[in-house]
Amino acid sequence: MNENTLTALSLDDCINQADETKELLLKPGALDEIPGLLSKFFASRAVCVIADENTMKAAGKRVKDIIEDGGTKVAGMHIFPGEPRLHADYGHVRFLKNFMASLGGYPELVPIAVGSGTVNDLVKCAAYELRLPYLCVPTAASVDGFTPNGAALLLDGFKQTLPCTAPLALAADTEVIARAPAFLSSSGFGDLASKITAGTDWIVAEKAGAFGAPEAPARDPVCWSMIQINLMDNLQNSVNAVQGDGDAINTLFKSLAITGFAMQYMKNSRPVSGGEHLFSHVWEMEDLSMNGVPVTHGHKVTIGTLALTAFTETFFADPSGPPAIPKGFKRPSLEEREAEVSRAFDGSPAHDGIVKKSKEKFMDDKKAGIINEAFRDSWKDLRAKVLAKLLPYKELKELLAKAGCPVLPEAIGLARGYAIATARRAQMIRNRYGVIDIAWDMGAFEGILAKMEKSEIYLR
Ligand SMILES: [Zn+2]
């Protein structure tokens, strides 16, 4: 793939590449056009509205009135409590499925999700399992999860991306989204910033994959054009979203939506999620909260992005070659590795699944040796590619702070040493090759963590 020949794709081009979503109305007053969307894309004459108490106030009531004025029946509404904050738990999907199936109009019912990421993920999954196309009315630019063909839900104690059909259409009213609480916009900004390290991890994976690493596909030029070409401009132009600035909100929502369209196109989350999301998944499994309030996905990902940026900078620090391997280093056997992973997740409901995944990604010495050799041989070129994409740690921290994101682990309830040490478990949980994997396979992993720990800059 020659990056220099790629150009950024417009929103319309991205929707054309996505094969499930047909339209994203993104503008002030988009709510008023919901009746038009319903008649254009949905054959049904009955809808149900799902919201929570906060999003009901923000947009749900108006959505209901607009739909009824347009002559469509609202067969039922379910409003989740506003407090405590709604969890993306599969149990709510079971409830919603029963609720929807009990309404008049089913099975021709159109579910309408009015809310931020969690309401949307719950409705997306329930609608998919009932085979109902649905309409999404986002009330915040809080996450990249509105548009992908998957929902991030807690099932069997483990946050998983369950395959689901994406919304058939979205009515994203930027006046509504601009009034969302600041922490939701900064969460969305953090999720968008994570695409920087998702990109560098994909560059690393592409190299390793060419020499046999599992789950390490080559970069896809269409996806890369969708997400990566304009990423830095889009981040700069979204910084004021947290202040409710209309243009910034528009850019932030559009950029997040496009990453979802890239997932629809690619049929997986590789283009939008690298090692930074693995840090976040570990904290999600622990139900990370701050003063009793769950930390948002975007804020966990923000600290994960800082941590992975620190890791990547440390790994690629030396222009002459990869970090030196400690004398006497020996890669563990498969049995030793299995025992290590098993200990790390002892007592977790996700234990068995993680042990299985870590065995799948375990490479024997021969294969790992070939990949190490390839990294050494092409170090200069690979390092240049990664560093050209990676935003230096200090600049990243400054940008995130400007956008109102947390930039210290303590700000999301984590001790610094604990946040750094999370890298060990992040490297175990998923079969998705990235910089933490090559460092581990080379034997450089612990040395990098020690350097991060000693650093005067990283995660301080
Ligand atoms: Zn994310």
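In this predicted model, R331 lies over the face of F362, at 5.3 Å from the ring centre. A second arginine is placed in a comparable manner: the charged end of R219 sits over the ring of W224, 4.6 Å from its centre.

I turn now to contacts between rings. A pair of aromatic rings is described by the distance of the centres and the angle of the planes. Searching the whole structure yields ten aromatic pairs. One of them joins F279 and W283, with 6.0 Å from centre to centre and 55° between the planes, a tilted arrangement. Both residues belong to helix 11, which spans residues 275-285, and they are four residues apart, about one turn of the helix. F279 and W283 are each buried.

The next pair is formed by F315 and W379. Their ring centres are 5.5 Å apart and their planes stand at 75°, so the pair is edge-to-face; the cut-off for that class is an angle over 60 degrees. This contact links distant parts of the chain, since F315 lies in helix 12 (residues 297-315) and W379 in helix 16 (residues 379-389), 64 residues apart. F315 is buried, as is W379. Together with F316, these two residues form one aromatic cluster.

Helix 12 also brings us to the metal site. Which residues are the protein donors of the zinc ion? They are D191 through OD, H277 through NE2 and H297 through NE2, at 2.1 to 2.2 Å from the ion. Their spacing in sequence is D-x85-H-x19-H. Here, too, distant parts of the chain are linked: D191 is in helix 7 (residues 182-210) and H297 in helix 12, 106 residues apart.

Are D191 and H297 buried or partly exposed? D191 has 0% relative accessibility and therefore counts as buried. H297, at 22%, counts as partly exposed, because the limit for buried is under 20%.

Finally, I come to the second largest pocket. Its volume is about 230 Å³. The lining consists of F329, P332, R337, E340, R424, Q427, M428, W440, G443, F445 and E446. Two or more of these residues come from each of helix 13 (334-344), helix 18 (416-429) and helix 20 (445-454). Helix 18 supplies the largest share, three residues. How many lining residues of this pocket are nonpolar, polar and charged? The division is five nonpolar, two polar and four charged.

Methods: Residues numbered from 1 in each chain as written. Predicted model: local features only at pLDDT ≥ 70, side-chain atom pairs only at ≥ 80, totals over all residues. Heavy atoms only, no water. 1 Å grid on protein atoms, 1.4 Å probe; cavity = no way out; pocket = protein on both sides within 12 Å on 5 of 7 lines; lining within 4 Å. Points joined across faces, edges and corners; volume = space filled by probe spheres on them. Nonpolar A, V, L, I, M, F, W, Y, C, P; charged D, E, K, R; others polar. Phe/Tyr/Trp six-rings, centres within 6.5 Å; stacked < 30°, edge-to-face > 60°. Buried < 20%, exposed > 50% of the residue type's maximum accessible area, 1.4 Å probe, protein only. Lys NZ or Arg CZ within 6 Å of the ring centre and 35° of its normal. Donors = N, O, S within 2.8 Å, 3.2 Å for Na, K, Ca; no water.
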